[in-house]
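Please open the model in your viewer and keep a selection panel at hand. The stops below move from the whole chain to individual residues, and each one says what to select and what is found there.

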Amino acid sequence: MDFRDSETVLGPQSADLLPASATTAVKIVIVGGFGVGKTTLVGSVSEIRPLTTEETMTQAGAGIDDTAGVELKTATTVAMDFGRISIGDELVLYVFGTPGQERFWFLWNGLFEGALGAVVLVDTRRLEVSFDVIGRLEDRGVPFVVAANTFPESPSYPLDELRAALDLPDEVPIVQCDARTRESSRDVLMALMRHLYNLSAPPGR
Ligand SMILES: Nc1nc2c(ncn2[C@@H]2O[C@H](COP(=O)(O)OP(=O)(O)OP(=O)(O)O)[C@@H](O)[C@H]2O)c(=O)[nH]1
Ligand SMILES: [Mg+2]
């Protein structure tokens, strides 16, 4: 038996283990309306195999789930997504994706416990599915950034038009992204970390 390759001895794959140098862990949550790409973002950015809770969509949801604009979607998150990414040697982000469908939004309470900030993912073809999400985040007082996920036929609005359409205050950052790409998804998380840092830094720094 090759001792080094023995899973019995080594347990989980070493890539899944936290680096010993990690000193700070931050929990962040990805929110957004139905089918905007939350599970895709968590999956693309995670350095461990992401946990997903996707279920096949069936006829039972007809008339309940608003699938307008995402008719080809076959699976939906029913509880949460989970992934992890290290930033440098010391900082680790734990990334939780929420379910997009309103009937599962009661799960937000648990998912937001201990979270430092959030990313609101929006699809510019269906901005209206994000209005309630942003309202709920504002009610919670959780700092957030908005990321516009680029789908093939997405209208590309100037950021100030997007800000006006979403009724966002000037201090909330807006970025463009492609949730399928690791680099782009990572940039979104970095935008949130910068925003959290700026909010915590004393004025003038
Ligand atoms: N072209 C393109 N397709 C994307 C992008 N992000 C996600 N998709 C596709 O859009 C579909 C929906 O993505 P999901 O990640 O399941 O969306 P979600 O927000 O998790 O959906 P719910 O959990 O049901 O609310 C999937 O088929 C993805 O492959 C993107 O950036 N560009
Ligand atoms: Mg999902």
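Begin with the metal site by selecting Thr 77, which counts as buried at 6% relative accessibility, where buried means under 20% relative accessible area, exposed over 50% and partly exposed in between, with a 1.4 Å probe and protein chains only. Before going further, note that this is a predicted model in which local features need pLDDT of at least 70 and side-chain atom pairs count only at pLDDT 80 or more, while totals for chains, interfaces and linings use all residues. Residues are numbered from 1 along each chain as its sequence is written, chains are lettered from A and ligands numbered from 1 in the order in which they are written, and side-chain values use heavy atoms, with hydrogens and water left out.

Now add ligand 2, the magnesium ion, which is coordinated at 2.0 Å by OG1 of Thr 39 and OG1 of Thr 77; donors are N, O and S atoms within 2.8 Å of the metal (3.2 Å for Na, K and Ca), and the site may look incomplete because water is not among the atoms. These two residues link distant parts of the chain, 38 residues apart, with Thr 39 in helix H2 (residues 38-45) and Thr 77 in strand S3 (residues 75-77). Thr 39 is also buried, at a relative accessible area of 17%.

Zoom out and colour by secondary structure, where helices (H or I, at least four residues) and strands (E, at least two) are DSSP runs numbered from the N terminus. The protein chain has 6 helices and 8 strands, and from the N terminus its elements run α-β-α-β-β-β-β-α-β-α-β-α-β-α. Of its 205 residues, 43% count as buried. Among contacts (heavy atoms within 4.5 Å) between residues at least 6 apart in sequence, 74% join residues at least 24 apart.

Return to H2 and select it whole: 6 of its 8 residues are buried, namely Lys 38, Thr 39, Leu 41, Val 42, Ser 44 and Val 45. Next add helix H6 (residues 182-200), whose axis comes within 8 Å of that of H2 and crosses it at roughly 100°. That makes H2 roughly perpendicular to H6, a term for angles of 65 to 115 degrees, while angles under 35 count as roughly parallel, over 145 as roughly antiparallel and the rest as oblique. To see where the helices meet, show Leu 41, Ser 44 and Val 45 in H2 together with Arg 182, Ser 185, Arg 186 and Leu 189 in H6.

Which residues does Phe 96 touch, not counting residues up to four places away in sequence? Select Phe 96 in strand S5 (residues 91-97), and display Lys 27, Ile 28, Val 29, Ile 30, Met 80, Asp 81, Phe 82 and Leu 111, which are its contacts on that count. Phe 96 counts as buried at 15% relative accessibility, and its C-alpha atom is separated by 9.8 Å from that of Pro 50, 46 residues apart along the chain.

Move on to Arg 163 in helix H5 (residues 159-165), which is buried with a relative accessible area of 18%. Not counting residues up to four places away in sequence, Arg 163 touches Leu 168, Pro 169, Asp 170, Glu 171, Val 172 and Ile 174.

Finish at Asp 167, in the loop between H5 and strand S8 (174-177). Asp 167 has a positive phi of about 55° although it is not a glycine, and at 64% relative accessibility Asp 167 counts as exposed.

Methods. Axes are lines fitted to C-alpha atoms, for helices over the stretch in contact, and angles run from 0 to 180 degrees between N-to-C directions.
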